[in-house]
Amino acid sequence: MFPHEEKLVRERLGREPNEVERAMLEVMWSEHASYKSSRRWLKLLPTKNEHVILGPGEDAGIVRFDENTAIVVGIESHNHPSAVEPYGGAATGVGGIVRDILCMGARPVALLDPIRFGPLEKERNRYLFEYVVKGIADYGNRIGVPTVGGEAEFDESLDNYTLVNVACIGLMKPEELVHSYIEEDGLLLVLVGNKTGRDGIHGVTFASEELSENAEEEDRSAVQIPDPFTEKLLIEATLEALKTGKVRALKDLGGGGLTCASSEMAGKKGFGAIIYADRVPQREPNMNAMEIMISESQERMLFAVKEEDLEEITRIFEKYELEWVVVGETIEEPRYIVYWGDEKVADLPVSLLTDVPAIEWEARPYSIERDVETPEIGVGEALVKVLSSPNVVSKRWVWEQYDHEVQGRSVLKPGLDAAVLKINGEYGLAFVSDGNPSYSYLNPYHGAMSAVAEAVRNLASVGARPLALVDNLNFASPERPEVYWSFIETIKGLADAAEAFGLAYVSGNVSFYNEVGSRPIKPAPVVAALGKVKLENIMTMDFKDKGDLIAIVGVTKKELGGSEFYRILGIERGAAPRVELEREKKNTEGILKAIELGLVKAIHDVSEGGIAVALTEMALAGGMGFEVDISKIPVEGELSPVEVLFSESQARFIVSFEGENLEKLGELFDEFAVIGEVKGKALLFKKEGEELAGLSLDKAREIYSSLPELLGEEE
Amino acid sequence: MPRFAVIVFPGTNCDFETVSAIKKAGGNAERVWYKQSLKDFDGAVLPGGFSYADYLRAGAISARAEIMEEVKALASDGKPVLGICNGFQILTEAGLLPGALRPNRIPRFLCRWVYLKVSDAQTAFTQFYKDGEVIRMPIAHAEGNYYTESLDGIRITFQYSDERGNVTEKANPNGSLLNIAGISNEKGNVLGMMPHPERASDKWLGSEDGLKVFRSMVEWARR
């Protein structure tokens, strides 16, 4: 808490808070729990439309898929803990978001893990990467929720740090929704799941500060311990308990522990609660009331039930051998009271915990975009360098460690434009995440828009129409005026892009203070998007038949700031790609029509690494080469061949199709040009008939599969 | 219609889709909590997952649960008993099948689609395949590296192969002895396999090759 906040607490309370109260307030007034620096700006995001059943405000958002199916979706970050203890930090991040989905009443059915690290040349970054992946795998695999996608990116700015985000979706019938708040007094509060230990004490306050250089030693105790076995039992027991129809409210214990879960559950509609802290099963001896109230031990849920239903509900917990205890009750008076035996150890107005005043920081615009001249480099050399970048190479090493098939819904698997899950015999749900911190650093407004636009393009590339968005905003300290400005610009970009596509954000998360040793990270908004696709329309990126024509949709400009090409050349400046929303909408709509009319055989959106990488990925996926003449690529302005091939201009797709569909296909787009054909066993780039560069498919595959070698492994 | 118990231990996680696949194959299937009885069932399936979180050793704790005595009784009655992935690990730990599943050659979890050669099409679970048929389904395990001291009393049922059915070193994803992906007992009514046939029982998910495992099993139980 800041000094002015402590003063405010004293005024509102009319006395000094005692030690237990102070610890609880410290947790609830933390940035992580209260969103005090972000709340005001988050209101700018669109949150309602015809698809939305429940927008932001509870543990997860809910989207209507069809009459009988609702999709619950949420996103979380576990950056600070993962930077200190990558295995436990990443694993408990998965556990947390899964319980968020579960506590709305849904079965968790898929995870996405967008993760970001410093350069792999350094041992510590490799360690963080390998153990974050292992943490996600061990947890997700054991609870039987498939990890179907995500991102893995590497950037100098994240040296010695990591951004671990995780999105989850769940499935339920719309009428199965259970809220996280109560609206009556006299309900019993039942705590079920793991015992409470000293792990994760002050987890949210730790996540609301910058990490020091030796955080690894100092902050271990703030990281929670993962127990996926108990989580799996908790999932099944919770879903079985919900079937009784007798659960009045349900909330998971996450950041802020028991204090946060119970005060929010009781206080949201103006009720209060009494908590008997000494009843909480302890994992370690001699814990005190304060530790128990703010511990963030994992795999715990809080149920509100009527006394007469207690036996029926707890019989289910006992079947699954889960420990439970009636930890408190709801009361009419809006107070939050904690007992330790007979002693009243805390007594606060519940609103003092849940209504935290917003903070507005100074915002100072910055402008670092500068025109740069692209250095001389041959197309062939550039191609090999970009293809070898850890950001471009196949992430198979990552997603093969994740069970991406469990539950039997995975139609499109990881490594494609978007994952698709089978929801019923006719329709699938597409799910994807995107973020471009390097664009966002140069231009936070356009960087944010590009995250949305790319997610929508990824959905369209598999044939899905977008349904809804969630956002995870990873930033450095909001107390830095430039960072705060970039945060506000990001929100504006997210809002404008979503509005253009008619989309709403149904849930989200903000993570500030992502710094190590006073080095701020780049602004890193991550967007996850849901879409709906008819199973028979599902499209993939792999080239299908030799002789098919290849065309590009969209226009290529000299937009290389933040590109993979500039990154491998060590160029930090340049201008980030601009998002033109009308263009995005038109081209995306054209792509969806082309799929619905059956005119195309393969589609891939153009993003990281530009046209060169998009074509290479299509060739490798299909096991077929191509010949492309870059002089046929429509451009705006003067571009050299490498600039054409590696520009990351937005609103572009590559498609392949049978020649006979050319005319009909062309009619769907304003910006469309045939640039070559599927051919041979090599990637061949020409300019006006003359060969610029060629690479055999085998060589390209060898480079593209080199992630294990980059990690020092042999296979 | 034959009735199958899909046994659910704490930590089992492939039970729902295994039930669906059996139903699709024409059988009746129910999830059975490990404390319930197997009375009145015509066969049992031990599905995949992480029973008891693989504590001690994969499958070791479940193998000692009381319900396994009933599974053994079903097996000795000649009724079909199928263990998939963690279920295979449980069957070896319980002594229903010989050998053990060691950590993968590269010791980490591996989820990947593989080709299998049906090396024995006479068992309760393979009678609808042709001998030598090549099928495709996913694996997802960290301990699938099969080893046994002796092949006596074992019928090698599935082997990792290339798409033409050649059993090669390169096609072996986990270091398993003789590329073994699945084995059955001499009578052919107890099968353990690491690949997941229930994940290859729907055309939208990439393959329906696995469905014949369940069709064969249903047909066997019907006799």
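Q: What joins the side chains of Asn86(B) and Gln89(B)?
A: A polar contact of 3.0 Å joins them. The term means a pair of N or O atoms within 3.5 Å; within protein, one must be able to donate a hydrogen and the other to accept it, and residues adjacent in sequence count only if both atoms are side-chain atoms. The 3.0 Å of this pair is within that limit. This is a predicted model, where local features need pLDDT of at least 70, side-chain atom pairs count only at pLDDT 80 or more, and totals for chains, interfaces and linings use all residues. Residues are numbered from 1 along each chain as its sequence is written, chains are lettered from A and ligands numbered from 1 in the order in which they are written, and side-chain values use heavy atoms, with hydrogens and water left out.

Q: How confident is the predictor in chain B, by average pLDDT?
A: Chain B averages a pLDDT of 97. The score is the predictor's confidence in each residue, from 0 to 100. In chain B, 100% of the residues score at least 70. The model itself has ipTM 0.96 and pTM 0.96.

Q: Why does Asn86(B) count as buried?
A: Its relative accessibility is 1%. Buried means under 20% relative accessible area, exposed over 50%, and partly exposed in between (1.4 Å probe, protein chains only). So 1% puts Asn86(B) in the buried class.

Q: What does Asn86(B) touch, not counting residues up to four places away in sequence?
A: Its contacts (heavy atoms within 4.5 Å) include Pro47(B), Phe50(B), Asp54(B) and Ala58(B). Ser51(B) is also among them. The side chains of Ser51(B) and Asn86(B) share a polar contact of 2.9 Å.

Q: Where is Asn86(B)?
A: Asn86(B) sits in helix H3, residues 86-93 of chain B. Helices (H or I, at least four residues) and strands (E, at least two) are DSSP runs, numbered from the N terminus.

Q: What makes Tyr55(B), Leu56(B) and Ile61(B) a patch?
A: Together they form a nonpolar surface patch of about 320 Å². Patches are made of residues with over 30% relative accessible area and no salt bridge; like charges are joined within 9 Å, nonpolar side chains (Val, Leu, Ile, Met, Phe, Trp, Tyr) within 5 Å. Areas come from the Shrake-Rupley method with a 1.4 Å probe, and for residues only the protein chains shown count as cover. Tyr55(B) has 43%, so it is partly exposed, and 43% is over the 30% limit. Tyr55(B) belongs to the loop between strand S3 (43-46) and helix H2 (67-76) of chain B.

Q: What is the phi of Ala53(B)?
A: Ala53(B) has a positive phi of about 55°, although it is not a glycine. Ala53(B) lies in the loop between S3 and H2 of chain B. At 5% relative accessibility, Ala53(B) is buried.

Q: How do the side chains of Glu482(A) and Arg364(A) meet?
A: They meet in a salt bridge, 2.9 Å from N to O. The term means a side-chain nitrogen of Lys or Arg within 4 Å of a carboxyl oxygen of Asp or Glu. So this Arg and Glu pair qualifies at 2.9 Å. The partners are 118 residues apart: Glu482(A) in helix H19 (residues 481-501), Arg364(A) in the loop between helix H14 (350-354) and helix H15 (379-388) of chain A.

Q: Is Glu482(A) buried or partly exposed?
A: Glu482(A) is partly exposed at 30%. Its partner Arg364(A) is partly exposed too, at 39%.

Q: How far apart are the closest N and O atoms of Asp347(A) and Lys344(A)?
A: They are 3.2 Å apart, and the pair forms a salt bridge. Asp347(A) is buried at 15%, whereas Lys344(A) is partly exposed at 42%.

Q: How many salt bridges does the structure hold over all chains?
A: The total is 72. Some link up: Lys557(A), Glu580(A), Arg583(A), Glu636(A) and Glu671(A) share a network.

Q: How many residues of helix H2 (residues 19-28) of chain A are buried?
A: Eight of its ten residues are buried, so "mostly covered" fits under the cut-off. Among them are Val20(A), Met24(A) and Leu25(A).

Q: What is the relative accessible area of Phe487(A)?
A: The value is 0%, so Phe487(A) is buried. Phe487(A) lies in helix H19 of chain A. Its contacts beyond four places in sequence include Trp41(A), Phe475(A) and Phe512(A).
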